[in-house]
Structure formats: structure tokens, C-alpha cells
Amino acid sequence: MKTIGLVGGMSWESTVTYYRLINEAVRDRLGGLHSAKCVLYSVEFAEVAVLQREGRWEEATQLLLAAAQALEKAGAECALICTNTMHKVAEAVQAGLRIPLLHIVDATAEHVRRAGLRRVGLLGTTFTMEEDFYPGRLARRFGLETMIPDPTDREQVHRIIFDELCQGRIQPAARATLSRIMNRLAERGAEAIILGCTELGLLVNEGDGPVPVFDTTRLHALAAVDFALPPGAAA
């Protein structure tokens, strides 16, 4: 079994989910008392959020690169950035590593394409929805067309993420809001919804949408397990 490196804390609420999903998948595949070999570096999210708001992406890159290099030194054989938004700097982080960085977009898009779908609605922070690093990678590498909510809905999703989910607040009203937004995307032609924020799976289940819903947290975690275990591994 290979050792998985996790750059977490963005927010820690979803990093907990990563840890649980990775270990559950290893247990399910190997049985008995098996669990994952993993190393976690958890950053201080308040510091990262300031860098995001102020557009200080070079500083954010250096912060995450230092975390990923620490994982590499600790014996990690791959690295995951446990957040969608900070994949804005993923290529720069990968350039400073010798181990592979497993990209969250790639892990998700492979499943979308395997399902035969081409047009996806994307929910996430405003950075993820409005900048090119996410939709652009979906288009260039996987031929997927991305649709995003209208400006008012984008603000609502961003607010729910930062003001509620990242602070551990799971509100029925927010679930209803996201349901309405997903329905509007489906009405505009989205064939699937990507939960492009690792906290959104705390509120929305994969069966909750009017079209198939792809939870990036779960799919990213499973990609790590696929990397760590040999194909067909079983007890």
C-alpha cells in the first residue's frame, strides 16, 4: 500500500470527510482491520481565505507548496489538495514536487465522461465558478461544457459555503436553496451537476439533484485509494 498525502484544513470540515472516505474505501477493499497509510498537513484556513479574497495567489501557492513538500518529506507517495478552489494553484504546486499531485478535476471528470455526459452545471466558490482554471480544465482535457448559475445564485452558493458549511452549520434552508439552483441549471440544459466545493457534499447527496450529481470530495478520495492500492486488491 502506498502512502497518501493530504493537504487539508480548507476547511477542516471537509478534510474530515476525506479521511473517513479514504479509510472506508481501504477497509471495504481489503477487509478486516485494514486502513489507509496517510499523512495530513492541515493549514490554517483563515490565512488562506485572506489570500483568496485579496488575490494573493503567489503567496497561496508558496503556502500549499510548503505543505505538500512537507508531506513528501514525511513519506507521502502522492499528494491531494483537499479543496477545489485551491486547485487554481495546483499546477504550480505540482511543479515543485517529485510525487504526483492527484487533481480533483481529473478525478471528477473521468466519472462524468464515463457516464456519457457532456454538459455539466458547476457549483462552488465564486473563484471556482467564475475563473477559467476549473471550467477550462474540464473543457481542454475532457471535452466537457460547463454551465454556471446566474450571478445572484453564484453569490448564494459562495455565501453558503463560507458563512455556513465551512463553519459547520448545516441548514435546511441552504439545502433548499441549492436544490432550486440545481433545478435551474438542469432546466437550462445541464446533464449533470458537479459539487465543485468539498464542503457541498456535507449538504447535498449525490441522489438529491434533478440530474446526476458528482461529489468531488468522494471522487477525489477514491482516486487516492485507487493510487494507493494495486488493482483488484482484496483481503
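This is a chat between a student and a tutor about a predicted model of one protein chain.

Student: Okay, starting simple. How many helices and strands does the protein chain have?

Tutor: The chain has ten helices and seven strands. Keep in mind that we're looking at a predicted model.

Student: And what's the radius of gyration, next to what a compact globule would have?

Tutor: The chain comes out at 17 Å, and a compact globule of 235 residues would be near 18 Å, so the two agree. Along its principal axes, the C-alpha trace spans about 45 × 40 × 35 Å.

Student: How much of the chain counts as buried?

Tutor: Of the 235 residues, 53% count as buried. As for the outside, the accessible surface is about 10,400 Å², and 49% of that belongs to carbon and sulfur atoms.

Student: Let's look at strand E1. How many of its residues are buried?

Tutor: Five of the five, so E1 is largely enclosed by the rest of the structure.

Student: Which way do those residues point?

Tutor: Ile4, Leu6 and Gly8 point one way, while Gly5 and Val7 point the other way. That fits a general pattern: in a regular strand, side chains alternate between the two faces of the sheet.

Student: What does E1 pair with?

Tutor: E1 pairs with strand E2, residues 38–42, in the parallel sense over five bridges. To find one on the model, look at Gly8, whose bridge partner in E2 is Ser42.

Student: Where's the cis peptide bond?

Tutor: That bond joins Met10 and Ser11, with omega about 0°. Ser11 sits in the loop between strand E1 and helix H1, which covers 12–30. In general, most peptide bonds are trans.

Student: New topic: strand E4. Which strands does E4 run parallel to?

Tutor: E4 pairs with E5 in the parallel sense over three bridges, and four bridges join E4 to E6, again running parallel. For example, Gly121 has Met147 in E5 as its bridge partner, and Val120 stands opposite Ala192 in E6.

Student: Is E4 enclosed or exposed?

Tutor: Four of its five residues are buried, so E4 is largely enclosed by the rest of the structure.

Student: What about helix H7? Which residues are buried there?

Tutor: In H7, residues 135–142, the buried ones are Pro135, Gly136, Arg137, Leu138 and Phe142.

Student: And what covers them?

Tutor: The cover includes helices H4, H5 and H6, along with strands E4, E5 and E6. Right after H7 comes Gly143, which has a positive phi near 70°.

Student: Now two single residues. Why does Asn84 count as buried?

Tutor: Asn84 counts as buried because its relative accessibility is 1%, and the cut-off for buried is under 20%. Asn84 lies in the loop between strand E3 and helix H4. Leaving out residues up to four places away in sequence, Asn84 touches several others, including Ile104, Phe133, Leu195 and Thr216.

Student: And Ala46, where is that?

Tutor: Ala46 lies in helix H2, residues 45–53. Ala46 is partly exposed, because its relative accessible area is 46%. Ala46 and Ile22 are 24 residues apart in sequence, and their C-alpha atoms are 25 Å apart in space.

Student: Last one: how far apart are the mean positions of the positive and negative charges?

Tutor: The mean positions are 4 Å apart, for 25 positive and 29 negative charges.

Technical notes. Residues numbered from 1 in each chain as written. Predicted model: local features only at pLDDT ≥ 70, side-chain atom pairs only at ≥ 80, totals over all residues. Heavy atoms only, no water. Helix = DSSP H or I, 4+ residues; strand = E, 2+ residues; numbered from the N terminus. Rg over C-alpha atoms; globule rule 2.2 N^0.38 Å. Buried < 20%, exposed > 50% of the residue type's maximum accessible area, 1.4 Å probe, protein only. Areas by Shrake-Rupley, 256 points an atom, 1.4 Å probe, with all protein chains shown as cover. Lys, Arg positive; Asp, Glu negative; His and termini not counted. Charge placed at Lys NZ, Arg CZ, Asp CG, Glu CD. Contact = heavy atoms within 4.5 Å. Pairing = 2+ DSSP bridges.
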